[in-house]
Amino acid sequence: MTKPLTGRIALVTGASRGIGYATARALAREGAQIVAIARTQGGLEELDDEIRKDGGTATLVPLSLTDFDGIARLGAALNERHGKIDILVGNAGVAGPSSPLGHIDMKPWNDVIALNLSANFQLIRCMEPLLKKSDAARAVFITADTSSKATAYLGPYAASKAALETLARVWAHETASTPLRVNLFNPGPIRTRMRAAVFPGEDPLTLETPDQAAEFIVPMCLPSWNETGKLYDYPTRKLMSFRMPE
């Protein structure tokens, strides 16, 4: 039986661990050919081994997403090699400092904005032409509930995710009349290294795993998925629409 993503190219950022790693594996199991981006070569090689065990294939791209020229070069290389991509999962992110706003220096602020927001903007710029060559392109960006909660002491992270949500929604509106569907996924508390760094007193065994969350990201990447400009809230298992504040 043909797998639902056979013949489709899926670009996944932050693929060397956590949700990105789990999503890349889950997409590969459904037949997608993975283009995995991360800074960590070792993590990418481990991902490649697991995908091969499952009978899939992956292209490994060791790249810092704050290398914006590198993203542009990747877009050109993917165009030359595949002529399109079908799926974009913008997962890579950094938590940044846990401090009051007035105690945060400009460099850590800029570092968070560069990876969590500007890198995704550059991915949109460079990958949109390739996604538009797909008959059913799907983009999913990983956000966080700190964006709506405005969580104290996580200012750079919260602000970057709120801006990412708006960026994705703008793109969804701009592409509404095309085959491209653009959505957001809020995983909530998940057993990741980032989560442990931000909440060191939390028992990780009380949290769900990246593999569990990834199983809900996969349907958003399928050609059969028709929603755009929405947010899937994993903790409540609900697909949500955005609305103006009351």
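This is a short tour of a predicted model, moving from the whole chain to a handful of residues worth selecting.

**The whole chain**

Start with everything shown as a cartoon. You should be able to pick out eight helices and eight strands. The radius of gyration is 17 Å, close to the 18 Å that the globule rule gives for 246 residues, so the chain is as compact as a globular protein of that length. If you line up the view with the principal axes, the C-alpha atoms fill a box of roughly 50 × 40 × 35 Å.

Now switch on the surface. Its accessible area comes to about 11,800 Å², and 53% of that belongs to carbon and sulfur atoms. Of the 246 residues, 49% count as buried. Contacts also reach far along the sequence: among those between residues at least 6 apart, 70% join residues at least 24 apart.

Colouring by charge is a good next step. There are 27 positive and 26 negative side chains, and the centres of the two sets lie 3 Å apart.

**Stop one: Arg8**

Select Arg8, in the segment before strand E1 (9–13). Is this arginine buried or exposed? With a relative accessible area of 10%, Arg8 falls under the 20% cut-off and therefore counts as buried. To see what surrounds Arg8, show its contacts beyond four places in sequence: Ala32, Gln33, Asp86, Ser134, Asp135, Ala136 and Pro223. Two aspartates, Asp86 and Asp135, are on that list.

**Stop two: Asp54**

Move on to the loop between helix H2 (41–53) and strand E3 (58–62), where you will find Asp54. Asp54 is partly exposed, at 30% relative accessibility. Which residues does Asp54 touch, once neighbours within four places in sequence are left aside? They are Lys3, Arg25 and Arg29.

Zoom in on the Asp54 and Arg25 side chains, which are joined by a polar contact of 3.0 Å. Then draw a C-alpha to C-alpha distance from Asp54 to Arg29: these two residues are 25 apart in sequence and 6.5 Å apart in space.

**Stop three: the loop between H5 and H6**

Next, follow the chain to helix H5 (146–149) and the loop that lies between it and H6, where Ala150 sits. Check the backbone angles here: Ala150 has a positive phi of about 50 degrees although it is not a glycine. Ala150 is exposed, with a relative accessibility of 57%.

Tyr153 is in this loop too, between H5 and H6. Its phi is also positive, at about 70 degrees, and Tyr153 is not a glycine either. At 53% relative accessibility, Tyr153 counts as exposed because the cut-off is over 50%.

**Stop four: Ser160**

Finish by stepping into helix H6 (residues 155–174) and selecting Ser160. How much of Ser160 is accessible? Its relative accessible area is 0%, so Ser160 is buried.

What lies around this serine? Leaving aside neighbours within four places in sequence, Ser160 is in contact with Val112, Ile113, Asn116 and Leu117. For a partner closer in sequence, show the backbone of Tyr157: its oxygen lies 2.8 Å from a polar atom of the Ser160 side chain.

To compare the last two stops, keep Ser160 and Tyr153 selected together with the surface on: Ser160 is buried, whereas Tyr153 is exposed.

Methods:
Residues numbered from 1 in each chain as written. Predicted model: local features only at pLDDT ≥ 70, side-chain atom pairs only at ≥ 80, totals over all residues. Heavy atoms only, no water. Helix = DSSP H or I, 4+ residues; strand = E, 2+ residues; numbered from the N terminus. Buried < 20%, exposed > 50% of the residue type's maximum accessible area, 1.4 Å probe, protein only. Polar contact = N/O pair within 3.5 Å; in protein donor to acceptor, adjacent residues only side chain to side chain. Contact = heavy atoms within 4.5 Å. Rg over C-alpha atoms; globule rule 2.2 N^0.38 Å. Areas by Shrake-Rupley, 256 points an atom, 1.4 Å probe, with all protein chains shown as cover. Lys, Arg positive; Asp, Glu negative; His and termini not counted. Charge placed at Lys NZ, Arg CZ, Asp CG, Glu CD.
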